[in-house]
Amino acid sequence: MRDYAMDLANIAASIVNDVMGSNLKVKNSYSSDGNHIIMEFDGYPLYKSRRKGKAFVQFPRSTFYVRKKDICFAPVQQAQCHYYQEQLGKQFAHPHVYNDGHPCWDNSKRERATDFIANIVETLSLQNVTRDSVNIGHCASGIMGVSTEALKNAKTQQQAVIKALKPKTMISDRRKLESYINKRWCAKITYLTRDM
Amino acid sequence: MKAMIETVTGMTMTREINISDTPIHTIRAFYQEDATAASQIFSSERAIGQLMDGHIDEDRSAFELITIEGDSIRADWKTPLCNQPAIKEELARIEAEGETPTFVVSVSSLVA
């Protein structure tokens, strides 16, 4: 029986890869207990390091599924999602990621596949770190400092990511990014459902 | 020109393609040169055999160029890419942006 959960996660990962640039190598796998999918991005420039390494996004395996030939997405709660770097369990360097790796989302969950994929792009590229997000939304951890210092360090890391990965310019425009991701997601799930 | 061939589930392969070739010719040449990689774009062994014999289910198969905005432009399987104006124009736009064009390819078999 075809593993649609993994097929759909592969589609989502490929869209992130398409936007972030081909210097990032993506691979999906199941967690050791089989309950989560781990998206692994190799070639990511590590914060405060000249090295490149791995970034991980872990989310429930039930996030993407097929029911009665329909592609479905189960909204992801922030506590169910984790961003790591270098190794599983090690917090991803981002002002809006907590020490245990789970992100701080404004509405606490991601409702649509497009929104979830766009969030991965924005988190890896640190586009979702703004003056308002650090001053009004506050930082989830002090890994990049707090307030103005967090913003400054995030911008420095953002530049390092852009320089190393050469992502599409649309990453800085949420509307364009979401539109692009939505079109690609819809086209790909259409191809997939043709052969169901 | 250099182009990315992408499978439905997102696996990508970089290929040198000739825009004076038809999509069907491009995919046949791909399979002849690298059967292992190319087989990932086919839904079944049967689809491979049919394409190599020049047959394809054009309704259920796809050879689509991804535009800069993320839309898909469906190519005709039996017309050279350079003779398909929408494809040719978008390839020029993509080239002007300094990006590599991506074609999403999926080949399904004809069923009786």
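The radius of gyration here is taken over C-alpha atoms, and the globule rule is 2.2 Å times the number of residues to the power 0.38. For the 112 residues of chain B, that rule puts a compact globule near 13 Å; chain B has 13 Å, so the two agree. The model is predicted.

**Chain B overall**

The C-alpha trace of chain B spans about 40 × 25 × 25 Å along its principal axes. Buried residues make up 34% of its 112 residues. Among contacts in chain B with a separation of 6 or more, 63% join residues 24 or more positions apart. The chain holds four helices and five strands. Along the sequence they follow the pattern β-β-α-α-α-β-β-α-β.

**Strand pairing**

Three pairings are set out below, two from chain B and one from chain A.

| Strands | Sense | Bridges | Facing residues |
|---|---|---|---|
| E1(B) (residues 2–6) and E2(B) (residues 12–16) | antiparallel | five bridges | B:Met4 and B:Thr14 |
| E1(B) and E5(B) (residues 102–106) | parallel | three bridges | B:Glu6 and B:Val104 |
| E4(A) (residues 64–67) and E5(A) | antiparallel | four bridges | A:Val66 and A:Ile71 |

In chain B, strand E1 pairs with E2 in the antiparallel sense and with E5 in the parallel sense. E1(B) and E2(B) form a hairpin with five residues between them. In that turn, B:Gly10 has a positive phi of about 95 degrees. Chain A has a hairpin as well, built from E4(A) and E5(A) with two residues between them. There the turn residue A:Lys68 has a positive phi of about 50 degrees.

**Helix H4 of chain B**

H4(B) covers residues 85–96, 12 residues in total. From first C-alpha to last it reaches 17 Å, close to the 16 Å expected at 1.5 Å a residue. How many of its 12 residues are buried? The count is one, and H4(B) is hardly covered. After the helix comes B:Gly98, whose phi is positive, near 75 degrees.

**Nonpolar cores**

The largest nonpolar core has 52 residues. Those that touch the most other members are A:Ala12, A:Ile15, A:Val16, A:Met39, A:Ile117 and A:Val121. Several elements of chain A give two or more residues to this core. Among them are the helices H1 (4–20), H2 (113–124), H4 (147–165) and H5 (174–194). The strands E2 (36–45), E3 (52–60), E5 (70–73) and E7 (82–85) of chain A do so too. H1(A) supplies the largest share, nine residues. E5(A) thus appears both in this core and in the hairpin with E4(A).

Which residues does A:Met39 touch, not counting those up to four places away in sequence? They are A:Ala9, A:Ala13, A:Val26, A:Asn28, A:Phe56 and A:Val57.

Apart from the largest core lies another, of 25 residues. Its members include B:Leu65, B:Ile66, B:Ala75 and B:Val105.

**Where the chains meet**

The contact between the chains takes 15 residues from chain A and 13 residues from chain B. On the side of chain B that touches chain A, seven residues are polar, three are nonpolar and three are charged.

Methods:
Residues are numbered from 1 along each chain as its sequence is written. Chains are lettered from A and ligands numbered from 1 in the order in which they are written. This is a predicted model: local features need pLDDT of at least 70, side-chain atom pairs count only at pLDDT 80 or more; totals for chains, interfaces and linings use all residues. Two residues are in contact if their C-beta atoms, placed from the backbone, lie within 7 Å. Ala, Val, Leu, Ile, Met, Phe, Trp, Tyr, Cys and Pro count as nonpolar, Asp, Glu, Lys and Arg as charged, and the others, Gly among them, as polar. A nonpolar core is a set of buried Ala, Val, Leu, Ile, Met, Phe, Trp, Tyr and Cys residues joined through C-beta atoms within 7 Å. A residue is buried if 20 or more other C-beta atoms lie within 10 Å of its own, exposed if 12 or fewer, and partly exposed in between; C-beta atoms are placed from the backbone. The expected span of a helix is 1.5 Å times one less than its number of residues. Two strands pair if DSSP finds at least two bridges between them.
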